[in-house]
Amino acid sequence: MKKTFVLLFTLFSLCSQWVRADEEAVRYLDAIEKKYSELKDYTADVNVHFDIETFKTPDMKAKLYFKAPDKMKVESKGVFFFPREGGFFNPALFRRDDVEIKMLELAAERKEEVKLKIVPKKKEKVGREFVLLIDRNDTLIKQIYMSQFDGRETKAKIEYGKYGSFDLPRVILLTLDVPSMDPGEKRGLGPFEQKSERITGTIEITYANYKVNTGLKDEIFTQK
Amino acid sequence: MRLFWFETYKAFSRWRTYISFSAIAIVVIVSEIVMKVSASEILFRMMKMFQKDFLISGNVLNGWFITGFIMNSLHIHIPFLITLVAGDMVSGVATSGTVRLLLIRPPSRSRIITAKYLTALFYTAALVLFFSLLCALLGIALFGTGDLIVHHYGKYGIVLIPEGQVPLRMLLAFAAAIWSMTVVASLAFLFSALAENSIGPIIGSMAVVIIFLVFGNLPLDFFRDLSPYLFTSYMNLWQRAFDVPIPWASIAKSAIILGLHNIGLFWVAMIIYRRKDIKS
């Protein structure tokens, strides 16, 4: 009887700790959303530099348009490849209603950063998992680690600069680790097929000339 | 030179010569129109792998991309069209029964066969140039211009060549494509010098090209070791024009090897033709 009581008590304590941790995790994301609640839109010049062995391309330049909550467009003179995940800044990317949030590392008082695990609920993002590293002092997402069910992994390290009253990305360094062949592709002659290798490398995205809250119209995002 | 123009006139007077040009015109025009209609499907298939990770903007499916795409798809089939004429250059005279009439004329056998060979090369160059220019000009008219994306289907990688550099790269690719196809012409020409009718040289040349291509691509160590000795392994040098940076050393090596094949094949053809018995 005594043993059962101790076990139940321990379980109850752990559960309440987990619940508290998850509530705390939600608070961190809420704080970020609140910090950027006044950010309605922005435009910026983007330079993308590829350092991937299989991507032989000069730096690509474009103009990026963003309008809260989730409208984004890039405009370029030539062909432009822009990373979908982690390539641009959207403070409302992880809204509490759209995701499940778990605290990965409990934040001790002296610790400046916390790690959160995010699992999207939206159908189009199912199969992806995100781990965020949040700076508690500045209320900023410093790193985003993304993994997908098909083995694609991306890590985004974000450096911020002050633009007006907002901290916005100055440089985003993406580290890619993806399969070299499309999983749907069948090549070669069965037993002789080469094993699928992985492609790794980095993409450095530099932002400049931010213009914040200029009142971008919705039509900009619908034009071809 | 007069002999060369005479042979060229003869070659281009035959309706058979235009089969190749017509076939290419039909294939290129129909392909490009269909590609224009189903542009989004092509883009989706080509860029499927990247669209998971990247937003892609700009005119990816432009005339240069289409040119590269069609050249990539057809460079195996063009040799057949080349052999249609090159394989008939010498044997055609035997078939028509005019070989004695031709060889009792003042020009030496060496001059006659050189003129015929140059005509075969001229036809090859004209055909590849027609193919390349038709692809490019029609492609640009239908799809516009832009940066060139070179992508090996199913593989996670691209080469992007800025629009300003593309025309020169294309010219280099066209020149390299002509050069590589001259070996097929030389081979068909040699077989033509050996035969009395045209069917044998045409089928024989294609058989050699197909066998070499198959051997060169089989993923076994034996065939991998063999592939440097097959001229077909060097025929894709035109694709290197789209590498970054351009591998000049590799292009030069392939071009020299193909050139030596041309010299060797023509030399053997000339010896055979000079020793040919026309009395029996």
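This is a short working chat about a predicted model.

Biologist: What should I keep in mind about this model?
Modeller: As a predicted model, it has local features only where pLDDT is at least 70 and side-chain atom pairs only at pLDDT 80 or more, while totals for chains, interfaces and linings use all residues. Residues are numbered from 1 along each chain as its sequence is written, and chains are lettered from A in the order in which they are written.

Biologist: Which residues of α2(B) are buried?
Modeller: S20(B), I24(B), V28(B) and E32(B) are the buried ones, where buried means 20 or more other C-beta atoms within 10 Å of the residue's own, exposed means 12 or fewer, and C-beta atoms are placed from the backbone. They cover an arc of only 70° around the axis, taken from the directions from the helix axis to the C-beta atoms, which puts them on the same side of α2(B).

Biologist: And what does the face turned away from that side carry?
Modeller: That face of α2(B) carries exposed residues, including Y18(B), S22(B) and I26(B).

Biologist: Switching topic, how many residues does each chain give to the contact?
Modeller: Chain A gives 26 residues and chain B gives 25, with two residues in contact if their C-beta atoms, placed from the backbone, lie within 7 Å.

Biologist: Which element gives the largest share on the chain A side?
Modeller: That is β5(A), with four residues, a strand here being a DSSP run of E with at least two residues, numbered from the N terminus.

Biologist: How does β5(A) pair with β1 of chain B?
Modeller: The two strands pair in the antiparallel sense over four bridges, pairing being called when DSSP finds at least two bridges between strands, and F80(A) has S57(B) as its bridge partner in β1(B).
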